[in-house]
Amino acid sequence: MAGMESSAPPRVHLDNGGRAPWHPLAREALLQALDDGWADPRRLHAEGRRAARLLDGAREAVAAVLGARTEEVRFTHGHTAALHRAVTAGAAGRRRGGRRIVVGATERAAVLHAADAAGERETVAVDRLGRADAGAFAAAVSRPGVALAALQHANGEVGTVQPVEGVHDAARAAGVPLLVDAGASLGHARVPATWDLLAADPADWGGPAGVGVLAARGRVRLPGTGPEDPEPWAPGGVSVPLAFASAVALEAVQADLAAAGAHRRELVDRIRAAVAGVPDVEVVGDPDTRLPHVVTFSFLYVDGEALVTELDRQGFAVGSGSACTASTLEPSHVLAAMGVLTHGNVRIALDRATSEADVERFLAVLPPAVERVREALGVRGL
């Protein structure tokens, strides 16, 4: 009727992995740092010293969360840059020990590509839940000729948590540094201190994109990181406002980590149970030892991109492991390594603000959306 306002429900964003909405305190911190931290922190004048204090404070805050010393934490130009630098510098520092780099099969592509470029990659397989066998990984790092090992804390596509504590014990005994990618877990779950190198992604916990975190224990030898090169991880330096906003966001999400994790775990349990009732579906990843906010499932007889588009039309933004980005048709190497369906995939990462009502609305529209996509492909009556 004329004069009536639209009552369409608001859109729901369920694709928060790697790009979560900014935490409100991160926005406030950015504005403060734009006024106080715009100068080059490497300069000796008052403005530079003020920016340096903000940057040092940000490093101190992140270090406190990681259980590290402030001097062990650096900011980079992004998460991918942090991973690449950790692999290449970590392997170079152990060149006399060998060229082999042991990685899990579900590591991020940045780690796999950097390992190929920096040495000889040895990949440890994962099971259908996406977990690397701790015994197989320990055996691999214990053999001669290993320069570096890399095992993510948890996988951002399927949520499975890896056995980093046991692997770190084996790597430490062999004298091999372990790189832990905490890009999908820091800010969402407790990350153990069993690492030698660690990379993390502020954009995943509600901080800004364009900045990453790289921590290196003092016992790790990293070429090109001497006092003559004060910013070896980020040539030209990093944005102080982005780094400061990242640290403030991390402190904020850590303050209620347990409560937020419990809330989202309950919602994910609800999603897993409901989705399992849709015909010809496979819910992937470990149902128990997992991140609290990530769930992935794949449908037979469904095109993943078509389903993402249909859900988008219904007001729901979701991801898909059927294609890592909108510009590639390559299936997820993570799903392939697990031996599960690589097509018809929907990947969900809940924000801290995702509500029970949001989830119930999604679960109401998902089955008919799957049916419509199947009908469009000529599949009926399943």
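A pocket here is an open set of grid points where a 1.4 Å probe fits, with protein on both sides within 12 Å along at least five of seven lines. Keep that in mind as you look around this predicted model.

**Stop 1: the largest pocket.** Start by selecting Gly17, Gly18, Arg108, Asp201 and Arg347, the lining residues that lie nearest the centre of the largest pocket. The pocket holds about 970 Å³ of space, and 40 residues line it. Colour the lining by class and you should find 15 nonpolar, 16 polar and 9 charged residues. Next, show helix H3 (79-92), H4, helix H10 (333-338) and strand E12 (345-349), each of which supplies at least two residues of that lining. Which element gives the largest share? That is H4, with 4 residues.

**Stop 2: from H4 to the sheet.** Select helix H4, residues 109-118. The helix lies across E3, E4 and strand E5 (146-150), and runs at about 165° to E3. Now bring up strand E3 (residues 100-104), which is parallel to E4 and joined to it by 5 bridges. For one pair to label, pick Val102, whose bridge partner in E4 is Glu122.

**Stop 3: the whole sheet.** Zoom out and follow the order E2-E8-E7-E6-E5-E3-E4: these 7 strands make an open sheet with mixed pairing. Strand E2 (73-76) and strand E4 (120-124) stand at the edges with a single partner strand each, so one side of each has no neighbour in the sheet. Turn the view along the sheet and you can follow a twist that averages 20° from one strand to the next.

**Stop 4: strand E8.** Select residues 212-216, which form strand E8. Is this strand largely enclosed or open? It is largely enclosed by the rest of the structure, because 5 of its 5 residues are buried. Gly212, Leu214 and Ala216 are buried on one side, and Val213 and Ala215 are buried on the other, so both faces are covered. In a regular strand, side chains alternate between the two faces of the sheet. E8 pairs with E2 in the antiparallel sense over 4 bridges, with Val73 matched to Ala215. Strand E7 (residues 197-200) also pairs with E8 in the antiparallel sense, over 4 bridges, and Leu197 stands opposite Ala216.

**Stop 5: Glu157.** Finish in the loop between E5 and helix H6 (164-174), where you will find Glu157. This residue has a relative accessible area of 13%, so it counts as buried, the cut-off being under 20%. Beyond its neighbours within four places in sequence, the contacts of Glu157 include Val294, Thr296, Leu335 and Arg347. Arg347 takes you back to the centre of the largest pocket, as one of the residues nearest to it.

Definitions and conventions. Residues numbered from 1 in each chain as written. Predicted model: local features only at pLDDT ≥ 70, side-chain atom pairs only at ≥ 80, totals over all residues. Heavy atoms only, no water. Pairing = 2+ DSSP bridges. Axes fitted to C-alpha atoms, helices over the stretch in contact; angles between N-to-C directions. Contact = heavy atoms within 4.5 Å. 1 Å grid on protein atoms, 1.4 Å probe; cavity = no way out; pocket = protein on both sides within 12 Å on 5 of 7 lines; lining within 4 Å. Points joined across faces, edges and corners; volume = space filled by probe spheres on them. Nonpolar A, V, L, I, M, F, W, Y, C, P; charged D, E, K, R; others polar. Buried < 20%, exposed > 50% of the residue type's maximum accessible area, 1.4 Å probe, protein only.
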